[in-house]
Amino acid sequence: MLYIRYVLLFVISLGIGLLTGFYGIELTIAHFILIVFGLLVFIFSDRIFSFFVLFFSRDMDRVEKILYKQKHPYYAALLYITKGDYDEANKKVELLKKWGRQKEMRASLKAGLNIEMCDLSAAKKEAEIIKNPEIRSYNYALIALTENEWESFRMYKSKLKNKVFLYVLEAEEEFKKGNTEKAEQSGTLAIEASRGLQKYLLYTSLARQRTKPNRESFF
């Protein structure tokens with residue numbers, strides 16, 4: 001498919017060149033930039049569409065459809081996480097590089113997976129690697145909540161500005177205290193405030209938790 005697009009790109013570029021030469025049209029730098037931008041959008045239109053769906057869409061069916069088409073290990077790991085298959089998710093995480101942007105992805109996924117599997121010492125080590133202060137504080141807050149370290153939990157929670165993270169933590173806090181109704185309210189707000197993959201992960205995680213007879217967390 002990409003090969004066909006490159007062929008079309010060559011044909012279009014050749015056509016533009018012939019037309020401008022035949023009619024004697026002089027292209028300015030602005031015209032050239034617009035043409036190049038338009039051609040790049042044409043070539044990568046499917047990736048641009050997938051990006052907006054995965055990060056901004058509220059249509060969970062569409063997000064799921066796009067997610068299943070992704071081949072990157074990061075998305076494959078997320079897909080296994082939604083199914084609760086943490087062993088397979090870990091295998092995909094190990095395929096991520098240990099440097100650059102993927103190092104951050106790797107640490108974030110491994111921190112979350114270790115929290116799910118109650119390996120909190122490993123989760124703390126991964127959380128230390130995370131450079132993003134919001135994601136790092138969010139993970140530390142979840143770890144503190146799991147350990148019943150309420151003072152630490154409140155401290156890390158106070159550092160957050162992300163509404164979705166705050167709603168999730170409130171839901172988990174109320175659920176741990178046995179306030180099911182308040183947990184449901186905060187959980188609903190978290191899902192309503194989120195979009196794309198984040199919304200899909202919360203939605204599928206909640207659905208999975210509700211099927212557990214000995215449920216230990218809200219999401």
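This passage describes one helix face, several salt bridges and two buried residues in a predicted model.

Helix H6 covers residues 86–93. Four of its residues, Tyr 86, Ala 89, Asn 90 and Val 93, are buried. When H6 is viewed down its axis, these buried residues fall within an arc of 100 degrees, so they line one face of the helix. An α-helix has 3.6 residues a turn, so residues three or four places apart point the same way. On the other side of H6, the exposed residues are Asp 87 and Lys 91. The cover over the buried residues of H6 includes helix H5 (73–82), helix H7 (100–116) and helix H13 (196–209).

The salt bridges were examined next. Side chains of opposite charge can pair when their charged atoms come close. In this model the count comes to seven salt bridges, and three of the pairs are described here, beginning with Arg 106 and Glu 94. The closest N and O atoms of Arg 106 and Glu 94 are 2.7 Å apart. Arg 106 belongs to helix H7, whereas Glu 94 sits in the loop between H6 and H7, so their salt bridge ties together parts that are twelve residues apart in sequence. Arg 106 has a relative accessible area of 9% and is therefore buried, the limit being under 20%. Glu 94, with a relative accessible area of 42%, is partly exposed.

Glu 94 also meets the side chain of Lys 110 in a salt bridge, with an N to O distance of 2.9 Å. Lys 110 lies in helix H7 and Glu 94 in the loop between H6 and H7, so this pair ties together parts that are 16 residues apart in sequence. The relative accessibility of Lys 110 is 15%, and the residue counts as buried. Glu 94, Arg 106 and Lys 110 are thus linked in a network of salt bridges.

A further salt bridge joins Glu 147 to Lys 124, and the closest N and O atoms of this pair are 3.0 Å apart. Distant parts of the chain are linked by the pair, since Glu 147 is in the loop between helix H9 (133–146) and H10, while Lys 124 is in helix H8 (residues 120–129), 23 residues apart. Glu 147 counts as partly exposed at 32% relative accessibility. Lys 124 also counts as partly exposed, at 33% relative accessibility.

Two further residues were considered individually. Lys 157 is located in helix H10, which covers residues 150–158. With a relative accessible area of 18%, Lys 157 is buried, because the limit for this class is under 20%. Once neighbours within four places in sequence are left aside, Lys 157 is in contact with Ala 141, Leu 166, Leu 169, Glu 170 and Glu 173.

Ser 50 has its place in helix H3 (residues 45–56). Ser 50 is buried, and its relative accessible area is 12%. Residues up to four places away in sequence not being counted, Ser 50 touches Ile 66 and Gln 70. Ser 50 and Leu 67 are 17 residues apart in sequence, and their C-alpha atoms are 8.5 Å apart in space.

Definitions and conventions. Residues are numbered from 1 along each chain as its sequence is written. This is a predicted model: local features need pLDDT of at least 70, side-chain atom pairs count only at pLDDT 80 or more; totals for chains, interfaces and linings use all residues. Side-chain values use heavy atoms; hydrogens and water are left out. Buried means under 20% relative accessible area, exposed over 50%, partly exposed in between (1.4 Å probe, protein chains only). Helices (H or I, at least four residues) and strands (E, at least two) are DSSP runs, numbered from the N terminus. The arc is that of the directions from the helix axis to the C-beta atoms. Contact means heavy atoms within 4.5 Å. A salt bridge is a side-chain nitrogen of Lys or Arg within 4 Å of a carboxyl oxygen of Asp or Glu.
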